[in-house]
Amino acid sequence: MEFFTKATNFPFMSTRKLWYGLSVVLILVAIGSFFVRGLNLAVDFTGGVQVQAGFSNAVNIDALRSGLERAGFREEQVQYLGSSREAAIRLPTQANQSSEAIRARVEGVLHAIDPRAEVTSLDVVGSQVGAELKSGAVVALAATLFLIFGYIALIFHTWRLSLGAILAVLHDPILVLGAFSLWHTSFDLPVVSAMLAVIGYSLNDTVVVFDRIRERFEGSRRLEPVAVLDQSINQTLSRTIMTKVVTLIVVVALYLLGGQALKGFSEALIIGILAGTYSSIYISSAIALDCGLKAEHLLPTAIKKPVDDLP
Amino acid sequence: MLDFPRWKYALVALVTLLALIFALPNFFGTDPALQVARKNRAPMDDFARQAVERSLTAHTAAFHGDYLDDGKLIVRFASVADQLKARDVVNEFLAVDYISALTTASRAPEALRHIGLRPMPLGLDLRGGLYLLYQVDVNGAVAQLLESYDQGFRRTLSSANLPFNDIATYTSSKSTIPNALRVSLPAGADVTAVREALRRGNSDLTFSIGSDATGPTIDMELSQTQVRARQDYALQKNITTLRNRVNELGVSEPIVAQQGIDRINVQLPGVQNSAEVKDILGKVATLEFRLEDSQNSAAEAQQRNRAPLGSKLYQMEGRPVLLKRELIATGDQLTNATSTNGNEGPEVNVTLNGQGGDSMLRNTRLNVGRRMAVVYIEKSRETRVIDGQKSSRDVTTEKIISLATIKAVLSNQFRITGLSSVEARELALLMRSGSLSAPIFAVEERTIGPSLGAENIRKGVQALLIGMLAVFAFMALYYRRFGWVANLVLVANVVLLTALLSFFRATLSLPGIAGIILTVGIAVDANVLIYERIREELRNGVTPQAAIRAGFDKAWSAIRDSNVTALIAGVVLWVVGRGAIRGFAVVLTLGIATSMFTSLLGSRALITIMYGGRRKVTRLSIG
């Protein structure tokens, strides 16, 4: 089987203003949502109490909520977890209360609704731990981007490609953040690691395209950059799409079958992989082109040699 | 012609074989098991093993095999019911000497275990348990140190008849926490004499002379190294104490590890009742150094069940001992206790602070030849349920951990000798546990029920299998025989990754399983790059064998450069992340590395076997 029997010839570079526009719109929506709606940060970051409970029958969320209110809990968030027989309860930090006391109170509420209900997991996170994690995540993100910028500049001898790669790749976690903020999906620690994995992984495509650009320029340095970039993207297109399809297959399997604990993680991966594929095809090379990318940037050492060594 | 160097074939074969062997233990599953250990922490031996076996057999608790592992006895059972019955037997009839914990044992054959092959341990999210993150008040430990210097200085200056106005703690400009002491002297005081007096016995401290509005001052500032050493001591001390107490809990495979500069992370698989655990972990211990009361008879006191005035009756190894009530030194004056092998065999080196040292000197000067005891005192909060009502009370237990003859006048550094090496280690450990303590408190606590753990692992493995099958089908359809090569290589990659994780004893957690799944997706990438390149070459009219060679060669730089970016992200996560996130990063990083090996060498070996040599290849089955 082969989907790409003929070499494709899409004019990616001449249409780049359109793709820039699309990216800008998506990013503005993501950032807008981030500032207007915020993120639904999990207890990992905010501190507080997270309870998972299993019931013998379908449970009524409203009954659970009012039960918690009667037991004196405030600002509780209750939602189904995977099925109607499981629920997640989120509570703000309970000052001066031991986890056993919290557990006993919550169990009291659960047993009033369903005597066979049980607490399957209970997390109590201090607020200072959460604050540190937030800064840790930002540091990790910045360090990753910085190292990747340096790495690409090093292997391709030009900051133009680095900048293209970084701008394209920044785009992916921003869109993931935007999606999590729009849908108000719980944003926990595994989501952050998924975002970092996405950065590393979506750059993969970008680097493969860059590698092809270098190869084309090595073949002939007189080619027009626009043509080289278009050809390179087209020639690697089948690989880019095939790889992403295969990765999406496993990540979707993880999303559908991996259980509640990995939902947010796999969701972030799906969004990130889609965004990453888009950005490495449409954005990264285009930015390098607009930064004035030419053959000699990629092949700096060859410049001193005679251009033509025919007699 | 297409060929592949013989040594590379050999390398691929060797790595595959090793990977299979190391990954093997993971595929046998586990039996319910009971871990039995001696209460006094001496390793279990064949004698103890037989005692447990006899007891289990006598009380008709069925088990199917046991083995000694790292000083502990692991007894295996066919069912959870047998396991619980055996635990009850041990708790009822062997509780005096032994402590038991529910656990699981790998079903892998003995032979594998004997050569050190084990399955990956499972994280708490996969087996259920209690996770605690303790914050150690390391700054409090520094404050305590300053406090003890403060007292020491006051005593020194008073006994030397050197007047001073005040001694106060302050924060020097280089520090964010209080780290210095200022001795304020009356105007016209002999500053040099004061400094010399303070310096005596405190040669490791630096004193600088200054002045403020009221008169001359002498400042003592702890260096950054000293502050850090103090904080680290407090942390290490708490880690030792927690380890010690976790052992008391009888939990199988507990983890107590430092996290960052002031946190301790405790993982207790299988534990659900956090109240009991925190009571035991949260005990406060202290030490007292006291003289033996040799004027009165301990046996007589025991008979009358009353100690003479000024003394207190203790039991040590079943014999009564009378100790003077008067204290020589206490745990908060102990700055260090380490066990070493000295000239006279194993010994414990004890260091006291200035105050403790002075008192030790005063007391031992007149008492050489008498015995001195170290009493270990533990305060804990015990919660009991009586008639459905919870009541808690503070419990204090006191125990003599050392009773030794004073051979010479002692000061702030001395040795306790005449111990076996186990005793020396144990004594040093207990003394450190009871020394100056930095308070700890739990800042994070997570309990995962065993059913949730089992569900997590079942779903994770299911997602992995289904995901892999879908990829297999897709690759086989799209790339035909080459697709099957990729699939075989993919399986090899998962096996190799499992082998590496088992070899490094990495704990497998849910994010770790997610990492394996993501790696499957990523590992395909290298093969796709190569195959697409081969197809491209074929389209350009190159012969099949040349296309294969060009495909591998030209795809190499792209594979290398593109995987490095994913590796960078993986390594950053590895370094910055913690707990489960680190587990994901480890798997991702190792997975990328193994996938480069399997797809470049492994798949090339297979493809060369299929299409290589001098044979004539007219067509490739590449879809």
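This is a short guided walk through a structure with chains A and B, beginning where they meet and ending inside chain B.

The model is predicted, so local features are given only where pLDDT is at least 70 and side-chain atom pairs count only at pLDDT 80 or more, while totals for chains, interfaces and linings use all residues. Residues are numbered from 1 along each chain as its sequence is written, and chains are lettered from A and ligands numbered from 1 in the order in which they are written.

Let us start with the meeting of the two chains. Here 58 residues of chain B are in contact with 55 residues of chain A; two residues are in contact if their C-beta atoms, placed from the backbone, lie within 7 Å. On the side of chain B that touches chain A, at least two residues each come from helix H9 (274-281), strand E20 (440-448), helix H13 (450-503), helix H14 (510-539), helix H15 (544-576) and helix H16 (579-611) of chain B. These labels follow DSSP runs numbered from the N terminus, with helices (H or I) of at least four residues and strands (E) of at least two. H13(B) gives the most to this side of chain B, with 15 residues. By class, the side of chain B that touches chain A has 33 nonpolar, 15 polar and 10 charged residues. In this grouping Ala, Val, Leu, Ile, Met, Phe, Trp, Tyr, Cys and Pro count as nonpolar, Asp, Glu, Lys and Arg as charged, and the others, Gly among them, as polar.

Next comes a sheet that is built from both chains. Its 8 strands form an open sheet with antiparallel pairing, in the order E3(A)-E4(A)-E2(A)-E5(A)-E20(B)-E5(B)-E11(B)-E10(B). Two strands pair if DSSP finds at least two bridges between them. Strand E3 (77-81) of chain A and strand E10 (255-259) of chain B stand at the edges with a single partner strand each, so one side of each has no neighbour in the sheet. On average, neighbouring strands of this sheet are turned by 20° against each other, direction ignored.

Where do the chains join within the sheet? Strand E5 (residues 118-125) of chain A and E20(B) run antiparallel and are joined by 5 bridges. One residue to look for is A:Val125, whose bridge partner in E20(B) is B:Glu444. Further along the sheet, 7 bridges join strand E5 (residues 129-136) of chain B to strand E11 (residues 263-269) of chain B, again antiparallel. There, B:Tyr134 has B:Ile264 of E11(B) as its bridge partner. H13(B) lies across strand E2 (48-54) and E5 of chain A together with E20 of chain B, and runs at about 90° to E5(A). Axes are lines fitted to C-alpha atoms, for helices over the stretch in contact, and angles run from 0 to 180 degrees between N-to-C directions.

Now turn to the helices. Helix H5 (residues 127-156) of chain A packs with H15(B) at an angle of about 150°, with the axes 9 Å apart. H5(A) and H15(B) are therefore roughly antiparallel to each other, a term for angles over 145 degrees. By class, the contact of H5(A) with H15(B) has 13 nonpolar, 3 polar and 1 charged residues.

H5(A) also has a partner within chain A. The axes of H5(A) and helix H6 (residues 159-182) of chain A come within 8 Å and cross at roughly 145°. In this contact, A:Leu145, A:Ile148, A:Phe149, A:Ile152, A:Ala153 and A:Phe156 of H5(A) meet A:Trp159, A:Leu161, A:Ser162, A:Ala165 and A:Ile166 of H6(A). The residues divide into 10 nonpolar, 1 polar and no charged.

Finally, look within chain B. Its domain assignment gives domain 1 (6-25 + 451-611), domain 2 (30-107), domain 3 (139-226) and domain 4 (285-421); such bounds come from an automatic or database domain assignment. The C-alpha centres of domain 3 and domain 4 of chain B lie 32 Å apart. Between these two domains, 6 residues of domain 3 are in contact with 5 residues of domain 4. The domain 3 side of that contact has no nonpolar, 5 polar and 1 charged residues.

Chain B also holds an open, antiparallel sheet of 3 strands in the order E15-E16-E19. Strand E15 (334-342) and strand E19 (413-416) of chain B are the edge strands, each pairing on one side only.

Key
Parallel < 35°, antiparallel > 145°, perpendicular 65-115°, else oblique.
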